[in-house]
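Biologist: Please take a close look at one helix of this model and explain, step by step, what packs around it. I am a first-year student, so please say what each term means when it first appears.

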Amino acid sequence: MSTSSTLAVEASGLEKSFGTKRAVCGVDLAVRRGSVYGILGPNGAGKTTTIRILATLVRPDAGEARVLGHNVVRDADAVRRAISLTGQLASVDEDLTGEENLILLGRLLGFPHKQAKARAAELLEAFGLVEAAGRLVKGYSGGMRRRLDIAASIIVTPELMFLDEPSTGLDPRSRNQVWDIVRALAAGGTTILLSTQYLDEADQLADGIAVIDHGRVIAEGTPGELKASVGTGALHVRLLDAEQRADAAGILSRALTADVNLEADAAALSAPSADADLAAEAVGELSRSGIGIATFSVSQPTLDEVFLALTAHPAKRDEATDESPE
């Protein structure tokens with residue numbers, strides 16, 4: 001099977017500047033068809049511009065990108081016919097009902113009225129919006145609006161969906177519902193290119209992740225690979241008696257041959273540990289030394305820690321795009 005038939009997105013050496021600002025400085029990407037691929041990066045990193053290039057909204061200054069086998073510059077119309085772009089803000093009309101929105105979009109896409117109505121009913125059922133179908137969208141909750149917005153993006157099921165911040169501002173229940181929708185779309189063969197501020201969202205959904213900073217891809221891999229690349233796991237211990245912390249720190253330091261971190265909680269401390277068996281032995285040494293333990297755990301690095309280690313920035317929502325307003 002050829003590379004072009006297995007990849008939904010192929011990008012090589014993408015560059016884009018706005019005046020004197022270089023937003024993208026040689027981005028390479030390879031996104032497998034049918035996968036969920038996360039693009040992460042701090043404010044102004046270049047990820048928004050990269051996505052806009054791939055979605056044919058911005059022309060690159062250099063490099064080449066192919067989406068579903070089509071060149072994003074020479075075959076832009078073919079790309080647009082095969083993709084869907086769902087931004088952070090709802091694209092539906094608040095003064096129409098949920099059903100009216102979907103029927104209208106179906107008609108704009110060329111469906112006969114009967115077919116548009118049938119497709120609207122199908123999507124309302126699939127997205128749990130049947131009871132709200134006849135209500136004006138202005139009365140929908142945030143989660144309902146987000147589900148309707150995604151439904152509107154798949155009136156014609158796209159081969160590739162650009163999904164920007166799909167669960168921003170949603171409560172945990174609504175967020176889980178949106179995640180289930182994304183998983184179902186991917187299971188049905190749609191490739192999802194996901195830009196998100198929530199690293200746990202990328203951890204939950206993405207098969208692969210690219211971290212972009214200063215216009216370049218600085219790390220790429222599965223969530224597990226990225227976690228493994230920046231460090232080991234850690235042993236976390238909380239003591240019954242905070243006054244024993246200094247003694248506990250000395251024991252852990254010797255047992256793990258590592259520096260021990262004293263946490264803000266006066267009874268808590270932690271230390272890096274790549275070996276779970278060694279961590280268990282260290283906990284046993286604390287117990288044998290008469291140090292009471294309230295709780296302990298061994299954890300691997302989180303994606304938040306990966307992000308901070310790679311970019312020297314904490315993960316946070318973009319407050320502005322990385323390109324010029326023009």
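Modeller: What follows begins with the whole protein and then turns to helix α4 and its surroundings.

This is a predicted model, in which local features need pLDDT of at least 70 and side-chain atom pairs count only at pLDDT 80 or more, while totals for chains, interfaces and linings use all residues. Residues are numbered from 1 along each chain as its sequence is written, and side-chain values use heavy atoms, with hydrogens and water left out.

The secondary structure comes to 12 helices and 14 strands (DSSP runs numbered from the N terminus, with at least four residues of H or I for a helix and at least two of E for a strand). Of the 326 residues, 46% count as buried (under 20% relative accessible area with a 1.4 Å probe and protein chains only, where exposed means over 50% and partly exposed lies in between). The C-alpha atoms fill a box of roughly 80 × 50 × 40 Å along the principal axes.

Helix α4 covers residues 98-108. Two packed helices are described by the angle between their axes and the distance between the axes. With helix α6 (residues 142-153), α4 packs at an angle of about 20°, the axes being 10 Å apart (axes are lines fitted to C-alpha atoms over the stretch in contact, and angles run from 0 to 180 degrees between N-to-C directions). The two helices are therefore roughly parallel (under 35 degrees; over 145 is roughly antiparallel, 65 to 115 roughly perpendicular, and the rest oblique). Their crossing is right-handed, which describes a near helix turned clockwise from the far one by less than a right angle. G98, L102 and L105 of α4 meet L148, A151 and A152 of α6, where contact means heavy atoms within 4.5 Å. By class, these residues are five nonpolar, one polar and no charged (Asp, Glu, Lys and Arg are charged; Ala, Val, Leu, Ile, Met, Phe, Trp, Tyr, Cys and Pro are nonpolar; the others, Gly among them, are polar).

Helix α5 (113-126) meets α4 at another angle: their axes come within 8 Å and cross at roughly 135°, which makes α4 oblique to α5. This crossing, too, is right-handed. On the α4 side the contact is made by E99, L102, I103, G106 and R107, and on the α5 side by H113, A116, K117, A120, L123 and L124. These divide into six nonpolar, two polar and three charged residues.

L102 appears in the contact with α6 and in the contact with α5. Leaving aside neighbours within four places in sequence, L102 touches A120, L123, L124, L148, A151, A152 and I155.

In soluble globular proteins, nonpolar side chains tend to be buried together. Here the largest nonpolar core has 34 residues, and L102, F127, I150 and I192 have the most contacts inside it (a core is a set of buried Ala, Val, Leu, Ile, Met, Phe, Trp, Tyr and Cys residues joined through side-chain atoms within 4.5 Å). Two or more residues come from each of α4, α5, α6, β7 (160-164), α7 (172-187) and β8 (191-195), and α7 gives the most, with six. Apart from this core lies another, of 30 residues, including I53 and V79.

I181 lies in α7 and is buried, with a relative accessible area of 11%. Beyond its neighbours within four places in sequence, I181 is in contact with F127, R147 and I150.
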